[in-house]
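Below is a short briefing on a protein–DNA model. Take it with the structure open beside the text.

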2 protein chains.
Amino acid sequence: MSNIKEVCRLSGVSTATVNRTLRHPELVKPQTREKVMKAVKETGYRPNWMATRFKRGKSNTIVVVVPNLLNPFFMQVIEGIEHGARQLGYNVLLGDSAGDPEIEHQYAAMALNGRADGLIQLNHTFPFSAEDEELGLNVPMISVCDRITDHKFPFIELDNFGAARAMTQHLIELGHTKVGIISGERTSQVYLDRLSGVIRALSEEDILFNNDWLVGDGYSYNTGVEGIKQLMSLDSQPTAVICFSDHVTIGAIHSAKELGLKVPDDISISGFDDITVAQYIDPPITTIRQPAFDIGNKAVNNLVNIIDNNPSPRLRDVFPYELIIRKSTGKVKET
Amino acid sequence: MSNIKEVCRLSGVSTATVNRTLRHPELVKPQTREKVMKAVKETGYRPNWMATRFKRGKSNTIVVVVPNLLNPFFMQVIEGIEHGARQLGYNVLLGDSAGDPEIEHQYAAMALNGRADGLIQLNHTFPFSAEDEELGLNVPMISVCDRITDHKFPFIELDNFGAARAMTQHLIELGHTKVGIISGERTSQVYLDRLSGVIRALSEEDILFNNDWLVGDGYSYNTGVEGIKQLMSLDSQPTAVICFSDHVTIGAIHSAKELGLKVPDDISISGFDDITVAQYIDPPITTIRQPAFDIGNKAVNNLVNIIDNNPSPRLRDVFPYELIIRKSTGKVKET
DNA sequence: TTGAAAGCGGTACCAC
DNA sequence: GTGGTACCGCTTTCAA
């Protein structure tokens, strides 16, 4: 790999001029410019990225910490991040934490030693460890899809309360009063917001929420499988079940069918996210669409603003949901 | 952010000693070591990553170029890459090319200016552009899941020929002789390998492959939807269809059902990849399992060996498939 | 066992 | 418009 001095030798100018030619060509006399460009071409010179970043004291890199790469919803958020980052001149370091706090810590630390300029966190757990407290104070950071409770970090999220409420209203309109939930992770704020959306919609119609119908604690297919088994083993069973992610819904529908139930004739099951496959499931899933790409895109933009010291005054950015009605929910069965 | 000099001041030693204490503690007198460590703690010193990498002339970073983040199969490969990279002390830069050669080129160029030490390519298109020819010569690079035809780059892939042959044999055992294909991208070597696996298995039983039954050119759900429509509009229709990815299979099953066909009673449909959702589809998909995580893991390991100048003598690494028989394939319908 | 010092390759200020 | 040069922060050689 050739360096700037090589170019100097060939073109007979100083490093300053070579640099100027490349960064501010308008300040260089055309003839000089040509000489330099010719030498650049001949040597195949490309400015050393490390040297440049080092000198400038900026990495133009952000870290994205994800709990799980296999969920298309997260990946769509990351698509949005990646797309935005590229447009803003940033690179994306992928940090698959697999839920391990130690790994999260490693990735988070990258923002402390100049490896990265900022951090996007797709989890709701923070600080990752006690030592990470300093992160929050010193590192541009933003939380997506979930809020970090009790900490003052900017975050971007769906109107989870409204979405859950709308889904519940949809079920009530279909005649359901016995509404169950297969929840996502209980430790998250998202869980609380969605739960209260459901309860609110029910209470607006004077329907009482039955706590026995609240099961599940995760986002996997198996959460749905087990959730349905659990709900269907109860003496009094819900006629409709809201799952907190489409993966859970897919597991739940599968499980319901295995128990001999017809969806939606015997039981209505709805989802969250509207991942692409939702429409190809049998029956196609009624769900809440999240603008995942836009959320990711907004996240980088806000993050880069923080990095550039133009932080948005607001801590919270909320995106609207969209209720997508398909075939996995239907009128309540007459009994 | 404090630097090494700060630590020098506080501990009263030279930069050399501070550095040694951190990198080769055994060479430093215990008392000195303590002094230094105390100063490190007090200042919260972390060696500047950019400076270190710059000085060492190595980025410890690899770029992964993916055509599509929404396919769980790719993502599982990337999980394997990420996991292996972390263990080897490397970071992963995510390059979502979205199939755009210009973007691929941008990411590929990172390996030419010291931004990254190497490149893993999950596509089969290369060179991305004419200028990228130099990449192949100068940059540690490895191709995964697909082979770059006509270029001498190391690659890692499934035994696609064997897998397609095994799947076809499975269908033949079920009595099928009319076997159709909904193909993945036709420009890829994977396509050719799988196609010839199917044809071979058929010819071994003296069954002729009908070219009208070869449709499709992609990996999306919609490829499957359209593929089935196309096959079912023929005068003579296949009784079994092999899809080249599970996404395609999911679309195909959905489409078949919409046409009023029962799977597998009226038509058998099989897949490739064994992504997690395959088992939750109705009917659960008969498919070829690819050891995606291991493939990714192997890829980084090989790549890092190349980076370290210990390239494996072999250009090709093949992983074994596993035939997973579920319910989307069944005995041929008597007519 | 420790310290002095020469870089790594660009960048950008300042002088001409 | 151009060139000389100090410097970013760390690493490592060499000498003490």
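A polar side-chain atom of Lys55(A) lies 3.1 Å from a base nitrogen of DNA strand C, a polar contact in the sense of a pair of N or O atoms within 3.5 Å (within protein, one must be able to donate a hydrogen and the other to accept it, and residues adjacent in sequence count only if both atoms are side-chain atoms). This is a predicted model: local features need pLDDT of at least 70, side-chain atom pairs count only at pLDDT 80 or more, and totals for chains, interfaces and linings use all residues. Residues are numbered from 1 along each chain as its sequence is written, chains are lettered from A and ligands numbered from 1 in the order in which they are written, and side-chain values use heavy atoms, with hydrogens and water left out.

**DNA strand C**

- Two side chains of chain A approach sugar or linking oxygens of DNA strand C: a polar atom of Tyr45(A) at 3.3 Å, and one of Thr52(A), also at 3.3 Å.
- Around DNA strand C there are 27 residues, and Ile4(A), Thr52(A), Thr17(B), Thr32(B) and Lys55(B) come nearest. A residue counts as near if one of its heavy atoms lies within 4 Å of the strand.
- Of the atoms of DNA strand C within 4 Å of the protein, 57% belong to sugar and phosphate.
- H2 and H4 of chain A, with H2 and H4 of chain B, each supply at least two residues of this surface. Helices (H or I, at least four residues) and strands (E, at least two) are DSSP runs, numbered from the N terminus.
- H4(A) makes the largest contribution to the surface near DNA strand C, with 5 residues.
- By class, that surface has 10 nonpolar, 10 polar and 7 charged residues. Ala, Val, Leu, Ile, Met, Phe, Trp, Tyr, Cys and Pro count as nonpolar, Asp, Glu, Lys and Arg as charged, and the others, Gly among them, as polar.

**DNA strand D**

- DNA strand D is surrounded by 27 residues, of which Thr17(A), Thr32(A), Ile4(B), Asn19(B) and Tyr45(B) are the closest.
- Arg20(A) reaches a base: an N or O atom in its side chain is 2.9 Å from a base nitrogen of DNA strand D.
- Phosphate oxygens of DNA strand D meet chain B in two ways. Tyr45(B) uses a polar side-chain atom, at 2.7 Å. Asn48(B) uses a backbone N or O atom, at 3.1 Å.
- Elements giving two or more residues to this surface are H2 (15–23) and H4 of chain A, plus H2 (15–23) and H4 (49–56) of chain B. H4(B) provides the largest share, 5 residues.
- Sugar or phosphate holds 58% of the strand D atoms within 4 Å of the protein, and bases hold the rest.
- The surface near DNA strand D divides into 11 nonpolar, 10 polar and 6 charged residues.

**Interface of chains A and B**

- Contact (heavy atoms within 4.5 Å) links 51 residues of chain A with 51 residues of chain B.
- The buried area is about 4600 Å², and carbon and sulfur atoms give 64% of it. Buried area is the accessible area (1.4 Å probe) that two parts lose on being put together, summed over both.
- Between the two chains there are 2 salt bridges. A salt bridge is a side-chain nitrogen of Lys or Arg within 4 Å of a carboxyl oxygen of Asp or Glu.
- Lys257(A) pairs with Asp282(B) in a salt bridge, with closest N and O atoms 2.6 Å apart.
- The interface has 14 residue pairs in polar contact, both residues at pLDDT 80 or more.
- On the side of chain A that touches chain B, H5(A) gives the most, with 7 residues. The residues of that side divide into 26 nonpolar, 15 polar and 10 charged.

**Salt bridges overall**

- The whole structure has 24 salt bridges over all chains.
- Glu42(A) forms a salt bridge with Lys38(A), closest N and O atoms 3.5 Å apart. Both lie in helix H3 (residues 30–43) of chain A, 4 residues apart, about one turn of the helix.

**Parallel sheets**

- In chain A, 4 strands form an open sheet in the order S7-S6-S8-S9, with parallel pairing. S7 (214–215) and S9 (268–270) of chain A stand at the edges with a single partner strand each, so one side of each has no neighbour in the sheet.
- Strands pair if DSSP finds at least two bridges between them. S6 (residues 179–182) and S8 (residues 240–243) of chain A pair over 4 bridges, and Val179(A) has Ala240(A) as its bridge partner.
- Chain B also has an open sheet of 4 strands, in the order S7-S6-S8-S9 with parallel pairing. There, Gly180(B) stands opposite Val241(B) in S8(B).
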